[in-house]
Structures are given as C-alpha cells and as structure tokens.
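Please open the structure in your viewer and keep the sequence beside it, since each stop below suggests something to select and then says what is there.

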Amino acid sequence: MEIEREIINGNGLKVPCVTFKPPNPIGAVVAVHGYGGLKEEMMGVAWHMAEKGFVVGAIDLRGHGEHLLDLDRDILLDIETAISHFRPFGKVTAVGHSLGGRLSLISSADYAIGISPALNRTFSPQTKELLEERRDYRVRRSKCTVFNILNDLPQFQPDESRSLIIYGSRDVLEIMSECAKLKSGDTQVIQIDKTLHNDIFLFGQTFETITQKLHEWYV
C-alpha cells in the first residue's frame with residue numbers, strides 16, 4: 001500500500017491530505033475529522049478502509065491542522081474539493097466525525113457515513129462551554145464560531161440508500177437525541193456501546209460497522 005502526503009488543489013483551495021492507495025482500488029473514501037481535530041486523528045479509520053481496497057484521503061478542514069485558511073462558513077468546499085479529486089477512482093464515500101460527519105452527510109459524495117454527526121442547529125450552554133474549553137484552542141478561526149457554521153449549514157436529508165449514522169452510547173446528549181429520532185426514519189442508525197463522542201472513531205466495532213456498510217454499497 002502506498003501512503004503519501006499531498007495538497008489537493010481545486011476550487012481555488014489547497015486542502016492538505018494524507019492518501020492511502022491500495023493496489024487495484026474498488027472505490028474512494030474521504031475521511032473528515034471533527035471540530036478541533038485534524039487529519040491525523042482519522043488515520044485509524046483511513047487505514048482500515050484502505051485495507052478493504054479503498055483509496056482513502058484523510059483531509060484537514062480549514063482552521064485545522066495544516067490547512068492555511070481560517071475556519072469560516074465556506075468549510076463545505078474543503079470536502080467537496082476532496083470528493084472531486086478522488087472521483088477518478090470510482091464512487092466516493094465521505095466518512096466524517098462530529099462536524100466532519102455533518103459535512104459528509106450533506107456533501108455530494110455518492111455515499112456518506114456520519115460518526116457522531118453534529119446534526120443539531122442549537123446546543124445547550126453546557127455543551128457550548130465544554131466545546132469552547134476543550135476544542136477551541138486547536139482551531140484557527142475568523143469571527144464566526146462553529147455554532148454559527150452548524151446553524152447555517154443545510155439540513156441533512158435522510159436517505160437509507162446512501163447514508164449511515166453511527167453514534168456512541170455515551171455521546172453528547174444533543175447528538176444522542178437527534179440520532180435516536182432518526183432511528184425510525186429513512187436512515188440506518190447504529191449505536192456503538194460504551195463509546196464517548198471523542199473516542200468513537202477509535203473503536204474496532206466502529207471500524208467493522210463502516211467496512212461492512214462499504215462492502216454492501218460497493219460489492
């Protein structure tokens with residue numbers, strides 16, 4: 001398997017990426033971190049998907065990691081730029097955590113998996129305080145906050161044929177509530193036992209759930 005660092009150019013942007021290229025790929029995946037994260041946090045997910053035969057690009061969103069732009073309302077363009085870049089390898093699945101999960105689910109990818117996706121438009125003062133205390137220091141942002149961005153992003157439109165949502169049994173309360181509502185709708189929703197919001201993307205059961213769904217979609 002080839003692993004390389006690259007800069008994805010498109011839409012006037014430069015999106016930092018680490019790409020995993022197995023021989024004879026069957027499709028492509030864009031892996032997207034959450035607020036206050038960076039592409040390196042998604043390496044475990046990326047590696048497991050690459051082992052199953054997918055070209056995987058783990059990217060930095062603006063305001064994070066090596067991305068040169070500050071966080072702003074055009075953040076969806078980062079993932080769209082990566083999706084376009086990987087289309088030559090076949091159908092593209094976007095897999096994201098938290099903010100990245102929300103972006104993945106509303107993106108133009110052929111398929112999408114949201115891991116603890118931040119689907120809410122509003123959050124409690126306690127959740128906001130916790131996020132600001134534990135994640136803000138890792139983000140370079142302009143005047144808008146992540147809550148402004150989440151409020152302005154398009155709403156996720158459930159579609160079982162192209163989307164999967166995974167969340168933790170010890171997740172953020174608002175995310176657990178929103179995911180529970182979707183269970184009776186048109187999206188497959190799976191809860192991973194014992195997992196927190198900040199570690200769910202490191203669990204073997206999460207990897208297995210993702211790769212099983214990719215197998216259904218592609219094979």
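With the whole protein shown as a cartoon, seven helices and eight strands can be picked out. Its radius of gyration is 16 Å, close to the 17 Å that the globule rule gives for 219 residues, so the protein is as compact as a globular protein of that length. Please keep in mind throughout that this is a predicted model. If you turn the view along the principal axes, the C-alpha atoms fill a box of roughly 50 × 40 × 25 Å. Of the 219 residues, 53% are buried, and among contacts between residues at least 6 apart in sequence, 69% join residues at least 24 apart.

Next, select strand β6, residues 111–115, where five of the five residues are buried. In a regular strand the side chains alternate between the two faces of the sheet. Here both faces are covered, with Y111, I113 and I115 buried on one side and A112 and G114 buried on the other.

Now add the strands that pair with β6, beginning with β5, residues 92–97, which runs parallel to β6 and is joined to it by five bridges. To find one of these places, select T93, whose bridge partner in β6 is Y111. Strand β7, residues 163–170, also pairs with β6 in the parallel sense, over four bridges, and in this case A112 has S163 of β7 as its bridge partner.

Between β5 and β6 the path to follow is helix α3, residues 99–106, and together these three elements make a right-handed β-α-β unit. Is α3 mostly covered or mostly open? Helix α3 is mostly covered, as eight of its eight residues are buried, and the buried residues include the glycines G100 and G101 as well as R102 and S104. To see what lies over them, show β3 (27–32), α2, β5, β6, α5 (146–152) and β7, which are among the elements that cover the buried residues of α3.

The side chains of the interior are the next stop. Which residues have the most contacts inside the largest nonpolar core? That core has 43 residues, and those with the most contacts inside it are V30, I59, I79, F86, L99, L103 and I165. Helix α2, residues 76–86, gives the most to this core, with five residues. A second, separate core of 26 residues can be coloured apart from it, and V18, M42, F201 and Y218 are among its members.

Centre the view on I59 and display what surrounds it: leaving out residues up to four places away in sequence, I59 touches residues including V15, C17, V30, V32, I79 and A82.

Then move to L13, which is found in strand β2, residues 13–21. L13 has a relative accessible area of 10%, and because buried means under 20%, L13 counts as buried. Beyond its neighbours within four places in sequence, L13 is in contact with I8, R62, L69, L77, D78 and T81. One of these, R62, lies 49 residues from L13 along the chain, and the C-alpha atoms of the two are separated by 9.8 Å.

As a last selection, show the cysteines C17 and C144. C17 counts as buried at 2% relative accessibility, and C144 is buried as well, with a relative accessible area of 7%. A disulfide is a covalent bond between the sulfur atoms of two cysteines. How many disulfides does the structure hold? The structure holds zero disulfides.

How values were computed:
Residues numbered from 1 in each chain as written. Predicted model: local features only at pLDDT ≥ 70, side-chain atom pairs only at ≥ 80, totals over all residues. Heavy atoms only, no water. Buried < 20%, exposed > 50% of the residue type's maximum accessible area, 1.4 Å probe, protein only. Helix = DSSP H or I, 4+ residues; strand = E, 2+ residues; numbered from the N terminus. Pairing = 2+ DSSP bridges. Right-handed = clockwise from strand over helix to strand, strands pointing away. Disulfide = S-S within 2.5 Å. Contact = heavy atoms within 4.5 Å. Core = buried A, V, L, I, M, F, W, Y, C linked by side-chain atoms within 4.5 Å. Rg over C-alpha atoms; globule rule 2.2 N^0.38 Å.
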